[in-house]
Amino acid sequence: MGNIEKYRNTIQEIIKKYANEKPLPKDVEGQTIFDKESDHYQLLNVGWYKDKWIFGCVLHIDIKNGKVWIQHNGTEDEIAEELIKSGIPEQDIVIGFHSPFKRKFTKFAAG
């Protein structure tokens, strides 16, 4: 299995874990969206809570040019650290929601 396939599987496992772990109100669903062709992976919350429509991205991770880009992290956890624990090296992880200037001061890839 090449790195990209390993990265795809790891990302999907992490997103599935969050979809199953977090308790949601009865009429709110955690939806996983896996676009393996374009390498976009998301977890969304969708549904009604009381009289309020709930729709929002919890996690968004892409694979671009062989690197794992964390585009959005709406969890309270360090998703980059989970990726590292799962075997993805720091130099293959980009914190996409940090400015390009700030990225060079982290242990992760700049882009």
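Colleague: In which helix is Glu82 found?

Modeller: This is a predicted model, in which local features need pLDDT of at least 70 and side-chain atom pairs count only at pLDDT 80 or more, while totals for chains, interfaces and linings use all residues. Residues are numbered from 1 along each chain as its sequence is written, and side-chain values use heavy atoms, with hydrogens and water left out. Helices (H or I, at least four residues) and strands (E, at least two) are DSSP runs numbered from the N terminus. The run of residues 79-85 holds Glu82 and is helix 2.

Colleague: Is Glu82 buried or exposed?

Modeller: The answer depends on relative accessible area, where buried means under 20%, exposed means over 50%, and partly exposed lies in between (1.4 Å probe, protein chains only). Glu82 has a relative accessible area of 16%, and therefore Glu82 is buried.

Colleague: Which residue forms a salt bridge with Glu82?

Modeller: A salt bridge is a side-chain nitrogen of Lys or Arg within 4 Å of a carboxyl oxygen of Asp or Glu. For Glu82, the closest N and O atoms of the pair are 2.7 Å apart, and the partner is Lys17. Because Glu82 lies in helix 2 and Lys17 in helix 1, the pair ties together parts that are 65 residues apart in sequence. The partner of Glu82 is thus Lys17.

Colleague: How far apart in sequence are the parts that Arg8 and Asp39 tie together?

Modeller: Arg8 forms a salt bridge with Asp39, with the closest N and O atoms 2.7 Å apart. Since Arg8 lies in helix 1 and Asp39 in the loop between strand 1 and strand 2, the parts they tie together are separated in sequence by 31 residues.

Colleague: Which helix gives the most to the largest nonpolar core?

Modeller: A nonpolar core is a set of buried Ala, Val, Leu, Ile, Met, Phe, Trp, Tyr and Cys residues joined through side-chain atoms within 4.5 Å. The largest one has 21 residues, and Ile11, Leu43 and Ile79 are among those that touch the most other members. Elements giving two or more residues to this core include strand 2 (40-49), strand 4 (67-73) and helix 1 (3-21). With six residues, the element that gives the most is helix 1.

Colleague: Which residue in strand 2 does Phe34 stand opposite?

Modeller: Two strands pair if DSSP finds at least two bridges between them, and strand 1 (residues 28-35) pairs with strand 2 in the antiparallel sense over eight bridges. In strand 2, the residue opposite Phe34 is Tyr41.
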